[in-house]
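Here is a friendly walk through one structure, meant for someone who hasn't looked at it before. Have the picture open as you read.

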Amino acid sequence: MAPMTRRPLFDPTDLETFRDRTGRYDWHLLRSSPVHRVDTSDELRVAADRLAGLGYLVHRLSAANWRTRDDVHAALAEELSFPGYYGHNLDALDECLGDVAEFEYGSDPATAGTVLVIDGGDLLVALDPAFAHALLDSFAGAARLGALLGHPMLCMVATTAELAPVGARPVPRERP
């Protein structure tokens with residue numbers, strides 16, 4: 001079987017398709033940041049469902065049972081199918097998220113892209129604010145790599161905490 005050729009989702013050299021796609025929900029998210037926050041679980045569900053409807057592979061996590069950093073790492077490793085040798089630390093997370101960007105695991109080149117959804121982000125921030133920032137920053141770095149490879153990646157977090165250090169912005173509201 002021949003390898004699949006991956007093209008950018010938003011290719012400006014195909015002007016007609018490009019104009020059609022720049023009105024999509026994912027375009028409005030991706031053009032500002034790979035990491036976004038919403039205030040409520042309901043908003044998060046709606047955003048995740050919209051992205052799934054556009055063909056994204058959506059990984060959904062809940063922080064409800066996270067009491068330690070290792071709980072977070074274990075949940076990420078399970079949901080994103082990290083290899084058994086995953087080191088449960090931030091350096092290993094950087095490496096594995098980079099592998100997700102490169103379609104090694106936790107992603108599928110036949111989809112529009114990959115989305116990580118974290119419900120209960122306030123719990124993650126309360127657990128360890130610096131760790132929460134580092135996790136989201138790590139995802140943003142992997143998303144930059146993914147963009148270079150034609151692999152759109154987004155992280156959506158339901159939290160009222162400020163996420164500005166990683167470039168996160170509230171999800172844009174519907175246009176009238």
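F82 counts as buried because its relative accessibility is 8%, where buried means under 20% relative accessible area and exposed means over 50%, with partly exposed in between (1.4 Å probe, protein chains only). Y105 is buried too, with a relative accessible area of 15%.

A quick word on what you're looking at: this is a predicted model, where local features need pLDDT of at least 70, side-chain atom pairs count only at pLDDT 80 or more, and totals for chains, interfaces and linings use all residues. Residues are numbered from 1 along each chain as its sequence is written, and side-chain values use heavy atoms, leaving out hydrogens and water.

Back to the rings. Searching the whole structure turns up 2 aromatic pairs; rings of Phe, Tyr and Trp (its six-membered ring) pair if their centres lie within 6.5 Å, and planes under 30 degrees apart count as stacked, over 60 as edge-to-face and the rest as tilted. F82 and Y105 make an edge-to-face pair, 5.9 Å centre to centre with 65° between the planes. This pair links distant parts of the chain, 23 residues apart: F82 is in the loop between α4 and α5, and Y105 in the loop between α5 and β3. Add Y86, and F82, Y86 and Y105 form one aromatic cluster.

Now for two helices. Helices (H or I, at least four residues) and strands (E, at least two) are DSSP runs, numbered from the N terminus. The expected span of a helix is 1.5 Å times one less than its number of residues.

| Helix | Residues | Expected span | C-alpha end to end |
|---|---|---|---|
| α3 | 41–53 (13 residues) | 18 Å | 18 Å |
| α7 | 129–148 (20 residues) | 28 Å | 29 Å |

Which residues of α3 are buried? They are L44, A47, A48 and L51. These cover an arc of only 95° around the axis, which puts them on the same side of α3; the arc is that of the directions from the helix axis to the C-beta atoms. On the other side of α3, D42 and G53 are exposed. Right after the helix comes G55, with a positive phi near 100°.

As for α7, its buried residues include F131, L135, F139 and G146. Among the elements covering the buried residues of α7 are α4 (69–79), α5 (90–101) and α6 (121–127), with contact meaning heavy atoms within 4.5 Å. Just past α7, G150 has a positive phi of about 75°.
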